[in-house]
Protein chains: 2
Amino acid sequence: MTATASSIAANPSPQAPDVEAAVRDVARRAQVASRALATASRGVKDAALHAIADALVSATDEIVAANALDGERERAGGMDAGLLDRLALTPARVEAIAQALRAVAALPDPVGDVVRGQTLPNGLRLQQLRVPMGVVGMIYEARPNVTVDAAGLALKSGNAVILRGGSAAIRSNEVIVRVLRDALEAQGLPADLVQTIDEFGRPGGVALMHARGLVDVLIPRGGASLIRTVVEESSVPVIETGVGNVHVYVDASADLDQAVAIVMNAKTQRVGVCNAAETLLVHADVVDAFLGRMLTELAGAGVVLHGDERTAQAAPSGVDVTPATDADWATEYLALELAVRVVDSLDEAIDHIRTYSSGHTEAILTNDLRAADRFVAEVDSAAVMVNASTRFTDGGELGLGAEIGISTQKLHARGPMGLAELTTTKWVVRGQGHVRP
Amino acid sequence: MTATASSIAANPSPQAPDVEAAVRDVARRAQVASRALATASRGVKDAALHAIADALVSATDEIVAANALDGERERAGGMDAGLLDRLALTPARVEAIAQALRAVAALPDPVGDVVRGQTLPNGLRLQQLRVPMGVVGMIYEARPNVTVDAAGLALKSGNAVILRGGSAAIRSNEVIVRVLRDALEAQGLPADLVQTIDEFGRPGGVALMHARGLVDVLIPRGGASLIRTVVEESSVPVIETGVGNVHVYVDASADLDQAVAIVMNAKTQRVGVCNAAETLLVHADVVDAFLGRMLTELAGAGVVLHGDERTAQAAPSGVDVTPATDADWATEYLALELAVRVVDSLDEAIDHIRTYSSGHTEAILTNDLRAADRFVAEVDSAAVMVNASTRFTDGGELGLGAEIGISTQKLHARGPMGLAELTTTKWVVRGQGHVRP
């Protein structure tokens with residue numbers, strides 16, 4: 001599947017040093033390939049994305065067949081229904097994946113944007129230009145659509161990509177990557193712009209994390225433990241993504257009908273996503289007018305409730321609230337579960353968020369301008385919502401067109417990452433024989 | 001000196017776990033202190049910088065006395081004259097340090113800048129605002145002026161700073177940090193905005209590198225080995241700075257008088273700095289008209305020359321050229337030494353640079369527009385100069401006002417880092433009850 005497949009075939013159980021050398025070799029080829037794309041025009045890149053989209057649709061039968069093998073193996077291995085659904089590819093899903101690539105082609109190209117520019121008093125002409133990163137590494141879990149999404153965004157922003165997907169999708173990804181590479185080659189671009197290291201298993205992922213100087217950035221996408229491992233192990237710069245212990249705070253002055261609608265949306269519109277609410281904080285002044293009604297709605301939608309003592313007291317009969325522990329405040333349920341706490345003030349809400357938030361998204365529901373301003377200023381998260389659902393923290397929803405992940409760190413990118421976040425900058429300084437006095 | 005000094009006094013030889021707990025405690029206090037500054041107005045921050053500048057000048061005698069003790073100890077320990085000079089503080093140098101702080105106060109405040117903003121079709125109002133990082137860690141070597149520079153830039157951009165300076169400047173830094181903390185407190189700001197962990201020695205530095213979640217970014221400044229250690233050891237996001245294996249390429253069409261002046265400036269105007277030239281590449285077509293003359297000028301300025309065979313052949317009698325090895329091409333001399341190579345084409349020059357550059361700064365001297373455009377597009381460095389000295393890669397020279405270092409990585413910041421590079425962003429989304437359909 002990649003150019004290293006033959007060396008692996010000859011060496012069916014590679015030892016760690018072999019894997020490290022092989023992965024560094026993959027990265028070196030990615031670096032060379034990336035140069036062809038770094039100076040390619042938008043037209044060339046968009047044509048390649050359309051060609052890939054067409055090739056994926058043409059290969060639908062093969063992709064779906066390989067995916068069915070992954071699905072059978074994982075079902076036999078005990079994978080739960082939700083994960084099996086995420087893993088599954090149907091002809092309609094392949095078409096949707098291709099359509100997403102065409103949408104990326106339609107986005108503006110960030111490469112070449114002038115970020116800063118001026119002529120200095122001494123006549124030096126400066127430009128700080130957006131340029132591709134070079135080589136982007138992705139480490140992710142079972143969803144095979146991420147393989148195509150990541151490749152598409154990396155290519156559009158002028159980068160080569162090295163993919164390390166979950167073993168659950170290994171056969172799907174093998175076929176998809178081969179289709180992508182063949183389509184690139186048919187467009188006159190290097191196949192090595194897209195490579196997978198799945199055949200090297202875990203040691204391959206570790207080798208990728210240590211390929212500093214060859215890989216410019218590593219983006220882990222998946223569960224908290226995957227992300228923690230990459231962050232701690234990697235010497236390649238990492239962008240930490242995704243973990244969202246998301247809070248909604250209903251202030252004393254909130255519009256309570258809106259509040260019910262927003263909390264329901266934030267918790268139940270889609271579960272298992274990082275921008276879904278995990279903790280509800282309610283100002284003590286609106287417990288009577290709001291909390292009982294809210295808990296009834298949530299329970300009616302099947303949400304399991306964990307609450308502090310005042311929440312339990314406010315629960316109407318028939319609505320179960322189990323006592324919340326410290327672990328509940330810290331948990332990203334990613335399920336129909338919610339922790340609920342009554343607070344006496346905005347300060348108490350902000351303190352709770354400071355203690356437990358993962359820095360992803362928090363919302364305040366209020367009509368008090370001063371409370372909104374303080375919440376926006378003092379809550380230190382990638383996204384802060386005022387009177388809107390936390391579900392809007394999403395590259396598509398926020399106008400970025402597409403996203404490769406949601407950063408919860410402060411370096412380089414924070415919040416949804418689109419094409420611009422897959423680029424870096426270069427200073428270009430033009431003189432006429434200028435020397436420094 | 002810091003609030004942990006007493007715990008250390010009670011425990012004169014702290015074990016590693018104690019150091020780690022103590023440093024995490026320092027970081028937690030920095031995090032709390034940073035909140036006071038995150039929402040402070042520019043006026044408050046600028047007043048603090050002026051107060052610190054005044055306090056440093058008032059404490060000149062004490063600072064110079066402590067510095068003299070550092071200097072005596074290091075001289076006795078065999079520190080060379082160049083490093084002793086960098087370590088030394090005189091009343092004039094203290095005044096210059098204070099003046100640099102006042103210059104930082106005069107710079108625009110990046111906090112609150114709107115990086116992106118729009119109203120979406122659904123009525124959601126979006127802003128991506130510049131906000132402080134939070135806690136910035138600095139690990140650096142002997143120069144005590146970095147202590148003040150780093151603190152000044154961190155405070156101006158709304159951050160708390162944790163300093164780990166070189167042991168050579170420990171007494172100087174101890175006094176300086178105390179002066180800074182007292183001045184902050186007198187301004188009604190938390191002293192813990194500026195803390196040092198010098199008393200914990202190397203284990204303290206290691207603990208700082210592992211304080212992920214408490215420290216938002218770590219910036220090493222110093223020699224290549226210091227930087228490599230931090231990059232490899234740290235789980236806190238790092239910005240790699242400084243190593244500059246800088247190339248100047250003299251193209252066939254260069255203005256040769258300009259070329260002589262630029263190469264002399266790039267190599268000799270100041271040595272021991274990261275933007276000084278380390279390798280000269282000369283197109284074969286101008287060897288006769290240029291190289292002999294250039295080598296004579298360089299040798300006349302005391303530059304030790306390492307060259308390939310054609311360079312040696314071009315050297316006039318009396319000009320020594322020792323044979324360059326692969327190690328020479330890879331070396332950042334930081335001294336009056338230069339590697340020189342004749343190349344047959346622009347492609348060969350670009351290939352050489354790709355192989356050996358550290359990605360800091362490279363220059364092309366040419367009058368050929370196509371050559372200039374290709375060099376700018378294909379050389380993958382933080383700064384690319386056309387007909388200008390490499391010495392211009394500097395925050396002050398490029399209009400940033402001040403710099404905390406020069407990044408040679410691609411993530412977050414590339415090239416000179418000013419105040420904006422010490423900030424991150426926050427998405428603020430304002431709705432009127434918006435939920436996601």
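**View 1. Two aromatic pairs turn up over all chains of this predicted model.** In chain A the partners are A:Y249 and A:F375, whose ring centres sit 6.4 Å apart with the planes at 20°, so this pair counts as stacked. The two rings come from distant parts of the chain: A:Y249 belongs to strand β7 (residues 246–250) of chain A, while A:F375 belongs to helix α16 (residues 369–378) of chain A, 126 residues apart. Both A:Y249 and A:F375 are buried.

**View 2. In chain B, the rings of B:Y249 and B:F375 are stacked.** Here the centres of B:Y249 and B:F375 are 6.4 Å apart and the planes meet at 15°. B:Y249 sits in strand β7 of chain B and B:F375 in helix α16 (residues 369–378) of chain B, so the pair ties together parts 126 residues apart in sequence. How buried is each ring's residue? B:Y249 has a relative accessible area of 0%, so it is buried. B:F375 is buried as well, again with 0% relative accessible area.

**View 3. Ten strands drawn from chains A and B make up an open sheet with mixed pairing.** Reading across, the order goes β1(A)-β2(A)-β16(A)-β13(B)-β12(B)-β7(B)-β8(B)-β11(B)-β9(B)-β10(B). At the edges stand β1 (114–119) of chain A and β10 (321–323) of chain B; each has a single partner strand, so one side of each is left without a neighbour in the sheet. From one strand to the next, the twist averages 25°.

**View 4. Strands β7 and β8 of chain B run parallel.** Five bridges join β7 (residues 246–250) of chain B to β8 (residues 277–283) of chain B. To pick out one of them, start at B:V250 and look over to β8(B), where its bridge partner is B:V282.

**View 5. Helix α12 of chain B lies across five strands of chain B.** Which strands does helix α12 (residues 287–300) lie across? They are β7, β8, β9 (304–307), β10 and β11 (337–343) of chain B. Relative to β11(B), the helix runs at about 175°.

**View 6. A:T147 is a buried residue in chain A.** A:T147 has its place in helix α7 (residues 145–156) of chain A. Its relative accessibility is 0%, so it counts as buried. What does A:T147 touch, once neighbours within four places in sequence are left aside? The contacts are A:Y140, A:L163, A:N173, A:I176 and A:V177.

**View 7. A:A21 is partly exposed.** A:A21 lies in helix α2 (residues 16–38) of chain A, and its relative accessible area is 46%. Take A:T311 as a second point: A:A21 and A:T311 are 290 residues apart in sequence, and their C-alpha atoms are 57 Å apart in space.

**View 8. Chain B meets chain A through 71 residues on each side.** Between them the two chains bury about 5,900 Å², with 53% of it on carbon and sulfur atoms. On the chain B side, B:L411, B:W427 and B:R436 lose the most area to chain A, together 15% of what that side buries.

**View 9. Eight salt bridges are found across the interface of chain B and chain A.** How far apart are the closest N and O atoms of B:R436 and A:E397? They are 3.3 Å apart in the salt bridge that this pair forms. B:R436 is also among the three residues of chain B that lose the most area to chain A.

Key. Residues are numbered from 1 along each chain as its sequence is written. Chains are lettered from A and ligands numbered from 1 in the order in which they are written. This is a predicted model: local features need pLDDT of at least 70, side-chain atom pairs count only at pLDDT 80 or more; totals for chains, interfaces and linings use all residues. Side-chain values use heavy atoms; hydrogens and water are left out. Two strands pair if DSSP finds at least two bridges between them. Helices (H or I, at least four residues) and strands (E, at least two) are DSSP runs, numbered from the N terminus. Axes are lines fitted to C-alpha atoms, for helices over the stretch in contact, and angles run from 0 to 180 degrees between N-to-C directions. Contact means heavy atoms within 4.5 Å. Buried means under 20% relative accessible area, exposed over 50%, partly exposed in between (1.4 Å probe, protein chains only). Rings of Phe, Tyr and Trp (its six-membered ring) pair if their centres lie within 6.5 Å; planes under 30 degrees apart count as stacked, over 60 as edge-to-face and the rest as tilted. Buried area is the accessible area (1.4 Å probe) that two parts lose on being put together, summed over both. A salt bridge is a side-chain nitrogen of Lys or Arg within 4 Å of a carboxyl oxygen of Asp or Glu.
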